[in-house]
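Student: I'd like to learn how to read a structure like this. Could we go through it together?

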Amino acid sequence: MGQVRNLDNIETTLAPLRAAGKKIVFTNGCFDLLHVGHVRYLQEAQKLGDLLVVGVNSDASVKRLKGPTRPVQIEADRAEILAALSAVDFTVIFTEDTPENLIHKVRPDILVKGGDWKIDSIVGAPFVMSYGGQVMSLQFVDGKSTTKLIEKAQK
């Protein structure tokens, strides 16, 4: 089971793991209502390395990105739910609209996003590639999204 960490202690948490040669994978998102697309994506991301760190948008940033009716679940719950998944080692809540600062702290070996993201538009990609890290766009699960779940629930 993973652990919820904060922005201030993630570097300290990862330092000994990195020193032990562990390959760190990073992704981020709102993860407002966990669905099978999220689970498959996180499982695929985890297989790329030894540790998966997931940045979770804060409630305020979800509201700015997704609109006034979101998030459905509060940030602490979203981070805890993700941390409970076997694929996830650490979750970190970030308050900005992008995880750029968090990516600089995590300094992942591999940065991943869902297949709907082109590599040249993935936040943090230039930084990760600057030190030899990899940036990947993983397979997107068509028809599986939080927005579609919310729309279906409202019918």
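Student: In which loop is Arg107 found?

Tutor: Keep in mind that this is a predicted model. Arg107 is found in the loop between helix H5 (100-106) and strand E5 (110-114). Its phi is positive, about 50 degrees, although Arg107 is not a glycine.

Student: Is Arg107 buried, partly exposed or exposed?

Tutor: Buried means under 20% relative accessible area, and exposed means over 50%. Arg107 has 36%, so it counts as partly exposed.

Student: And Phe31, is that residue buried or exposed?

Tutor: Phe31 is buried, because its relative accessible area is 7%, and the cut-off for buried is under 20%. Phe31 also has a positive phi, near 50 degrees, and sits in the loop between E2 and helix H2 (36-46).

Student: What is the strand order in the sheet?

Tutor: For a sheet, read the strands across, from edge to edge. Here six strands form an open sheet in the order E1-E4-E3-E2-E5-E6, with parallel pairing. Strand E1 (3-5) and strand E6 (134-138) are the edges, each pairing on one side only. On average, neighbouring strands are turned by 25 degrees against each other, direction ignored.

Student: Which strands does helix H1 touch?

Tutor: Helix H1 (residues 10-19) packs on the sheet and touches E1, E2, E3 and strand E4 (90-94). The directions of H1 and E4 make an angle of about 150 degrees.

Student: Which peptide bond is cis?

Tutor: Look at omega for this one. The bond from Arg70 to Pro71 is cis, with omega near 5 degrees. Pro71 lies in the loop between helix H3 (59-66) and helix H4 (75-83).

Note on methods
Residues numbered from 1 in each chain as written. Predicted model: local features only at pLDDT ≥ 70, side-chain atom pairs only at ≥ 80, totals over all residues. Heavy atoms only, no water. Pairing = 2+ DSSP bridges. Helix = DSSP H or I, 4+ residues; strand = E, 2+ residues; numbered from the N terminus. Axes fitted to C-alpha atoms, helices over the stretch in contact; angles between N-to-C directions. Contact = heavy atoms within 4.5 Å. Buried < 20%, exposed > 50% of the residue type's maximum accessible area, 1.4 Å probe, protein only.
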